[in-house]
Amino acid sequence: MNVRSADGTTIAYDRSGSGPALILVDGALCSRGFGPSPKLAPLLAAHFTVYAYDRRGRGESGDMPSYAPAREVEDIAALIEAAGGSACLLGLSSGGALALEAAASGLPVDKVAAYEPPYVDDSGHGGGAAHQGRLERLIAEGQRGGAVTYFMRDMVGAPAPMVMMMRLMPWIWRKLERVAHTLPYDAAVMTGFRIPRARLASIVVPALVMNGAKTDPRLRDAARAIAEAVPTARHRELAGQTHNVKPTVLAPAVIEFFTGPTPTTPPRPT
């Protein structure tokens, strides 16, 4: 199935389950066919009508020559309209940042949950703002594999042997290279990898910000700081989890939050 975004871009999606609408917002390099969504959607479909979509430039979705995070917010708006006019949002990694931005933009979002938005340069001293430019240069030079390598090694911090091992698995590496041109999109969504506190403070719908107990300390600290910035947010830590969260652990926490009562007063992080 497809919807058309405000700028004419076609956004492809799958719908499964029944109940209130829930839209999954993927992180970098992921899509409805590659990443956590294929395993996460079936676990949520018993409670929600789940919309798993390809972010623009990925999978079967279209793209435009120029990019701005606002275009991806418009993509979510088109999906919400297709879902009946309102929806919950669940975003993972940079998709969590995008889901929070969609809520801050005033879209008809019922509740929003974000798992480990990677705001890992909150001080502004880690060079996070330079990542987008570096990725854009690599893509402009046709170095798709170089962009994926830079993302994994220099941005994510994956060990060099792990990156090399992935390059030796062409069935995976080709998928990553195919969507490498969208890596600058995620960098743009992440606002220099610094928490946009003023923007997050405008969110008025119930929010849940999560991190794994075994994750990078920077991601854990970021999750807590995000929860403090969003007036309506709760914070939750998932035992035993890293950034690569297990769908079987994430799904129950999400179901509990989305199906639970809506608080009448803004909760504070716990």
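**Helix α5**

I began with helix α5 of this predicted model, which covers residues 144–156, and asked whether its length is long or short for its 13 residues. At 1.5 Å a residue the helix should span 18 Å, and since I find its end C-alpha atoms 17 Å apart, the two values agree.

I then looked at the course of the axis, and noted that α5 bends by about 25° at Tyr-150. Tyr-150 is also one of the buried residues of this helix, a list in which I find Gly-145, Ala-147, Val-148, Thr-149, Phe-151, Met-152 and Met-155 as well.

Which elements cover these buried residues of α5? I noted that the cover includes α4 (130–140) and α6 (160–167), together with α7 (170–178) and α8 (183–189). Just after the helix, I recorded a positive phi of about 85° at Gly-157.

**The largest pocket**

I next looked up the largest pocket, in which about 1300 Å³ of space lies. Its lining counts 43 residues, and those closest to the centre are Ala-28, Ser-93, Phe-151, Val-156 and His-243. Phe-151, which I had already listed among the buried residues of α5, thus returns here in the pocket lining.

The elements that give two or more residues to this lining are α5, α6, α7, α8 and α10 (217–229). Which element gives the most? I find that α5 does, with five residues. By class, I entered 25 nonpolar residues in the lining, beside 11 polar and seven charged ones.

**Two single residues**

For Asn-244 I first noted the place, which is in the loop between β8 (233–238) and α11 (247–259). Is this residue buried or exposed? Its relative accessible area is 67%, and because the cut-off for exposed is over 50%, I entered Asn-244 as exposed. I also looked up its separation from Glu-60, and found the two 184 residues apart in sequence and 24 Å apart in space, taken from C-alpha to C-alpha.

For Ala-233, which lies in strand β8, I asked how accessible the residue is, and found a relative accessibility of 0%. Buried means under 20%, so Ala-233 counts as buried. I then took the C-alpha to C-alpha separation of Ala-233 and Pro-206, which comes to 6.1 Å in space, with their positions 27 residues apart in sequence counted as the distance apart.

Notes:
Residues are numbered from 1 along each chain as its sequence is written. This is a predicted model: local features need pLDDT of at least 70, side-chain atom pairs count only at pLDDT 80 or more; totals for chains, interfaces and linings use all residues. Side-chain values use heavy atoms; hydrogens and water are left out. Helices (H or I, at least four residues) and strands (E, at least two) are DSSP runs, numbered from the N terminus. The expected span of a helix is 1.5 Å times one less than its number of residues. The bend at a residue is the angle between axes fitted to the seven residues ending there and the seven starting there. Buried means under 20% relative accessible area, exposed over 50%, partly exposed in between (1.4 Å probe, protein chains only). Contact means heavy atoms within 4.5 Å. On a 1 Å grid over the protein atoms alone, a cavity is a set of points where a 1.4 Å probe fits but cannot get out, and a pocket is an open set with protein on both sides within 12 Å along at least five of seven lines; lining residues have an atom within 4 Å of a point. Grid points are joined across faces, edges and corners, and a volume is the space filled by probe spheres set on the points. Ala, Val, Leu, Ile, Met, Phe, Trp, Tyr, Cys and Pro count as nonpolar, Asp, Glu, Lys and Arg as charged, and the others, Gly among them, as polar.
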